[in-house]
Amino acid sequence: MRDWDARHLAAAAGARLVRRPPAPADGAALPAGPAPAAGAALPLGPAPAAGAVSLEGAVAPDDRPSPVGPTGAGVDSRTLAPGELFVGLPGERVDGGAHAAEALAAGAWGVLVGERHAQAAAASQAPGAVLAHEDPLAALQRLARAWRRELRARGAMVVGITGSTGKTSTKDILAALLERQLRVWASPANLNTEIGLPLALLGAGSESELVVLELAMRGPGQIAELTAIAEPDVGVIVNVGPAHLELLGSLEAIAAAKAELIAGLAPGASLVVPAGERLLERHLREQLRTITFGEGGDVRLLQRRADGSVLIAHGTQRMALTPSFSQAHNLRNLLAAVAAARALGYTPRGPVQVRFGAMRGQRERLAGELTLIDDCYNANPMSMRAALDELARSAHGRRVAVLGDMLELGAQARELHREIGVHAAERGVQLLVTVGPLAAQVGSAFAAAAAGPDGAGAAAAGSDGTGIVAGAGAAGARAAVRETRAAADADEAAELLEELLREGDTVLVKGSRGMRMERVSERLRARHGGASALAAGRS
Ligand SMILES: Nc1ncnc2c1ncn2[C@@H]1O[C@H](COP(=O)(O)OP(=O)(O)OP(=O)(O)O)[C@@H](O)[C@H]1O
Ligand SMILES: [Mg+2]
């Protein structure tokens, strides 16, 4: 929004401009960033769609326009960078608008807050624009959409990514795929909600050629709302799985919620979906250019080579890529990202260097030849399976899994946890430590599955899933001792590990955010000497 002056910005947000920022001639400090062309009126770009803006309340025409707009926007006055627009949102306990004057004093370009707070901010000594709107969130969203349209007018494309698991990872992979060809702006971190997505969009500089956004789903209607703001040229659904099952009740309902992205794309836009995903079939639209990915799809993995490179096909096109990661789920995310790149008209090749977000499966070597796979960020049945597959694929020594509850699964929670226990046994997990009451079900199903169909060894397993089971298990011809222990919380699990871990073990740590599984990883690091990160996901 650097090129938008206060008046244009207020109009785009549908807000009332109460006070404009001081013009440079006033001697006031300008927000950081390149100086505008001397004396020249800045290009305003096309006005937002007709009817979307209101100039009501704009300042008198003889006021000089401010030469530059904000560098981005934020809703937390404590983390706002100088030169950004502060949007004060009313929260459950704190009303963000109350921090408007503080944000101005800290160097904000301006504030967008409710009327009452706007009056107070305008009366404060701190310079900066003051914009008022009775519903600052609605104004933020409106501003973001207007900015998105400005970006389109400047030739930028937007990709919107949703899915049950792997949105952030796919976003980061797509950004890495195209960063050599295009000026790419991707949502920082995990900004994917009705607040985060507008902030992510507003952070995109006017020079951006590709904007990659993540769209979260927290209930019916949310993805429709986010799609209406982002107006993606390419929509990507990474997968449909039982995440937030409690919220929607069934996989069909989850698919329908993801499909709001499909419904919201403009005719002629592109859609990327997993090949053969029956849950999405009835939501597909003729008016979209649809590209499928994965086995049997348009974009598929032809070959994985020993040197870590992969060969990907799209029609007759072959693309050789060398990703910095090798987990099966991230290679699948890579296929989705390549499909999106193809939809944009690009043919990616060569190295794909991705720094995944923290706690998303990074491998660390600890003292005692221990390997930690820190996947504590979150968990649902889909990502739990993927993590166990990765443990089985990459473990050097014993396969140890420390698994916490998967939350928000509703009535099917018990069954879904038991399925993970069976999966862990099938993947040859040798030591399983569960954290929390639901994960205890993982333990008991694991014990039963590891004991084998004849039940040998089952007697050793307690009813709470705690016990020691000896048996070959479904995965191995070689006999392996399978052990499972149940802990009430992450700290207790960390203590248990101290007595149970052996030199050479590979330890996967994963669970829902609320289980705070990072405490296990932290304590492992503290006990076993600092960590050295290995190449992400490489074994
Ligand atoms: N395609 C995939 N299939 C299964 N699991 C995956 C996939 N991609 C990533 N994961 C797992 O999910 C975890 C979270 O990944 P990521 O942050 O990309 O997901 P997200 O969809 O953005 O999550 P959130 O909904 O919290 O924003 C990773 O650490 C990894 O364990
Ligand atoms: Mg995410």
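**View 1. β2 meets β3 in a parallel pairing.** Strand β2 and strand β3 (residues 85-87) run in the parallel sense, joined over 2 bridges. This is a predicted model, so please read the views as such. To find your place in the pairing, look for G74, which stands opposite F86 in β3.

**View 2. The open sheet comprises 5 strands.** Stepping back from the β2 and β3 pair, you can follow the strand order β1-β5-β4-β3-β2, in which the pairing is mixed. At the edges sit β1 (16-19) and β2 (73-74), each with a pairing on one side only.

**View 3. Helices α1 and α3 meet the sheet.** Helix α1 (residues 6-13) lies across three strands, namely β1, β4 (110-113) and β5 (129-132). Its direction makes an angle of about 145° with β1. Helix α3 (residues 115-123) also packs on the sheet, where it touches β1, β4 and β5. Compare its direction with that of β5 and you will find about 160° between them.

**View 4. Ligand 1 sits among 24 residues.** Good landmarks here are G166, T168, S169, R360 and S383, the residues that come nearest to ligand 1. Two or more residues of the shell come from each of α5 (167-178), α12 (328-343) and α13 (381-394). Of the elements, α13 gives the most, with 4 residues.

**View 5. The shell around ligand 1 draws on domain 2 and domain 3.** Domain 2 (154-352) and domain 3 (362-533) each supply at least three residues to this shell. By residue character, the shell divides into 14 polar, 6 nonpolar and 4 charged residues.

Key
Residues are numbered from 1 along each chain as its sequence is written. Chains are lettered from A and ligands numbered from 1 in the order in which they are written. This is a predicted model: local features need pLDDT of at least 70, side-chain atom pairs count only at pLDDT 80 or more; totals for chains, interfaces and linings use all residues. Two strands pair if DSSP finds at least two bridges between them. Two residues are in contact if their C-beta atoms, placed from the backbone, lie within 7 Å. Axes are lines fitted to C-alpha atoms, for helices over the stretch in contact, and angles run from 0 to 180 degrees between N-to-C directions. A residue is near a molecule or strand if its C-beta atom, placed from the backbone, lies within 6 Å of it. Ala, Val, Leu, Ile, Met, Phe, Trp, Tyr, Cys and Pro count as nonpolar, Asp, Glu, Lys and Arg as charged, and the others, Gly among them, as polar. Domain bounds come from an automatic or database domain assignment.
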